[in-house]
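Me: Hi! I've got a protein to look at for class and could use some company going through it. Can I show you?

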Amino acid sequence: MTTATLSPSSTATHAAVVQTLPLFEMMRMRAATTARRHPTLGFASEDRDSRMRWVNQFTHTHRKLGPDDREVVSPNNDTVYSNAWLDLSQGPVLVETPDMGERYWVLGLLDAWTNPFAYVGRRTTGNRRQRTLVHGPGWKGEVPAGVTNVIAAPGRDVWIIGRILVDDTPADIESVRALQAQIVARRLDGGDAALRVDTRLDGRSVAVPSAPLYRAIVDEALAHNPVPQGERLQWPVDEDELAAALPRVFEQLRRKEQPHALGGGWALQVAVRDHWGGDVLTRARIARNFIGALGIEEAMYPAAEVDADGEPLHGSRAYELRFAPGQGLRVGAFWSLTMYRRSDCLFVANPIQRYSIGDRTPGLRLEPDGSLAIRLQADDPGEGCNWLPTPRDEPFYVVLRLYQPQADHLEYRYAYPPLRRI
């Protein structure tokens with residue numbers, strides 16, 4: 001059934017679900033990524049089945065993800081993550097970050113509607129030690145001395161996703177771990193900002209929610225995160241119609257793809273800068289399938305699923321991706337090409353434990369004419385080749401990650417080379 005065959009009231013309910021789905025998915029992610037236990041304050045609840053979690057607290061991964069990690073689809077293989085959910089209901093939160101040297105890093109801030117509305121990091125605020133004050137709507141207090149950045153959030157709830165570049169060496173991994181330990185959230189008086197919240201959700205479940213649960217989560221989120229400027233929302237809606245609309249919308253968003261074609265078989269799934277504007281359908285699709293993506297001024301993620309002839313990429317074949325002399329990727333930070341199995345969107349285990357290749361890969365070699373050729377195949381192509389292993393005898397896709405892309409990419413003028421069978 002399509003929205004065109006629905007009654008007017010059912011069509012309105014369908015539209016309301018599309019519009020509010022980012023709120024639900026963000027609250028689902030809050031439940032999934034916040035901690036049950038605080039380092040000094042203990043568990044948010046002693047009941048192991050409780051949905052109570054800590055917010056205004058950073059959690060960190062201290063290693064890059066690999067093929068055994070299955071919690072996140074299409075993960076990056078360049079950075080480690082630092083994660084925090086802010087609840088600004090009790091006032092502003094101070095986020096302290098250390099001197100990052102010359103390393104790439106970013107804290108991306110998303111509002112409850114998935115708008116990537118602000119950044120702290122190398123591109124926007126630099127790499128020196130910083131204190132960032134994040135406040136909600138209507139706050140009129142005094143900014144403490146020593147604050148370097150002030151960010152006004154459009155609502156009470158904010159998701160901070162931090163990425164820090166790390167090399168695959170024990171020394172650099174330990175260096176980054178020490179940096180992550182210095183990323184903390186505090187109250188204005190310097191105390192720990194941590195708060196307990198009842199997330200009311202099983203963050204591990206990606207199933208279509210019941211109508212009562214969906215309504216309760218959206219109602220609570222709406223109370224603290226106003227509808228973005230320029231939007232009108234018809235809510236609440238009929239309970240029976242909501243129950244009928246939820247599975248239809250979730251299935252529509254699972255199947256509907258709206259990538260921005262870039263040529264050469266490449267397409268851009270996410271093309272937001274700092275706000276989705278009126279494109280609520282794409283906003284909902286990204287919230288369901290690619291939640292947490294950075295805006296394109298910070299990072300672009302062109303993906304390829306087909307070769308130069310339009311045929312799906314498959315591990316039974318060998319391919320070459322060749323960047324001609326002077327036609328390399330144009331970035332202000334770095335770039336990488338990452339390999340994923342099509343069946344589960346995860347890394348591909350291989351004998352050299354290489355899941356991505358890029359301008360920071362040790363031993364990357366240029367051709368005598370200055371071109372860069374990358375071989376994508378299951379078997380070792382031999383000495384002297386830049387090899388990114390593919391899965392054997394099954395479909396795959398690749399993603400380019402362009403950190404701090406330059407104007408040629410942002411203005412869609414760059415000619416992306418196709419993957420050619422060899």
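Me: Which strands form the open sheet, and in what order?
Reply: Happy to help! Keep in mind that this is a predicted model. Four strands make up the open sheet, in the order β10-β9-β6-β12, and their pairing is mixed.

Me: Which strands stand at the edges?
Reply: Those are β10 (149-152) and β12 (184-186). Each has a single partner strand, so one side of each is left without a neighbour in the sheet. From one strand to the next, the twist averages 25 degrees.

Me: You said mixed. In what sense do β9 and β10 pair, parallel or antiparallel?
Reply: Parallel: strand β9 (residues 130-135) and β10 pair that way over four bridges. If you want a spot to look at, find L133, which stands opposite V150 in β10.

Me: And how many bridges join β6 to β9?
Reply: Five bridges join strand β6 (residues 93-97) to β9, and these two run antiparallel. There, T97 has Q130 of β9 as its bridge partner. As background, strands of a sheet pair through backbone hydrogen bonds, in either the parallel or the antiparallel way.

Me: How many residues of β9 are buried?
Reply: Five of its six residues are buried, so β9 is largely enclosed by the rest of the structure.

Me: OK, switching to helices. How far apart are the end C-alpha atoms of α3?
Reply: They are 20 Å apart. Helix α3 (residues 211-224) has 14 residues, and at 1.5 Å a residue it should span 20 Å, which agrees.

Me: What caps the N-terminal end of α3?
Reply: That's S210: one of its side-chain oxygens lies 3.3 Å from the backbone nitrogen of L213.

Me: Which residues in α3 are buried?
Reply: A211, Y214, R215, I217, V218, A221 and L222 are. A handy rule here is that an α-helix has 3.6 residues a turn, so residues three or four places apart point the same way.

Me: What is Y214 in contact with, leaving aside its neighbours within four places in sequence?
Reply: Its contacts are V17, T20, L21, F24, P209, W235, L242 and L246.

Me: Which residues touch the most other members of the largest nonpolar core?
Reply: Y214 again, along with L21, W235 and L242, in a core of 34 residues. Two or more residues each come from α1 (8-33), β11 (157-165), α3, α4 (239-255) and α5 (280-289). The largest share, nine residues, comes from α1. Another core, of 29 residues, lies apart from it, and L337, F396, L402 and Y414 are among its members.

Me: New topic: where is L346 found?
Reply: L346 sits in the loop between β19 (331-341) and β20 (356-358).

Me: Is a loop residue like L346 buried or exposed?
Reply: L346 is buried, because its relative accessible area is 3%, and the cut-off for buried is under 20%. Not counting neighbours within four places in sequence, L346 is in contact with D69, R70, V72, V73, M339, Y340 and R341.

Me: Last one! T79 lies in β5, so what does T79 touch beyond four places away in sequence?
Reply: T79 touches K64, R163, I164, L165, V166 and Y403. At 2% relative accessibility, T79 counts as buried too.

Notes: Residues are numbered from 1 along each chain as its sequence is written. This is a predicted model: local features need pLDDT of at least 70, side-chain atom pairs count only at pLDDT 80 or more; totals for chains, interfaces and linings use all residues. Side-chain values use heavy atoms; hydrogens and water are left out. The expected span of a helix is 1.5 Å times one less than its number of residues. Buried means under 20% relative accessible area, exposed over 50%, partly exposed in between (1.4 Å probe, protein chains only). A polar contact is a pair of N or O atoms within 3.5 Å; within protein, one must be able to donate a hydrogen and the other to accept it, and residues adjacent in sequence count only if both atoms are side-chain atoms. Two strands pair if DSSP finds at least two bridges between them. Axes are lines fitted to C-alpha atoms, for helices over the stretch in contact, and angles run from 0 to 180 degrees between N-to-C directions. A nonpolar core is a set of buried Ala, Val, Leu, Ile, Met, Phe, Trp, Tyr and Cys residues joined through side-chain atoms within 4.5 Å. Contact means heavy atoms within 4.5 Å.
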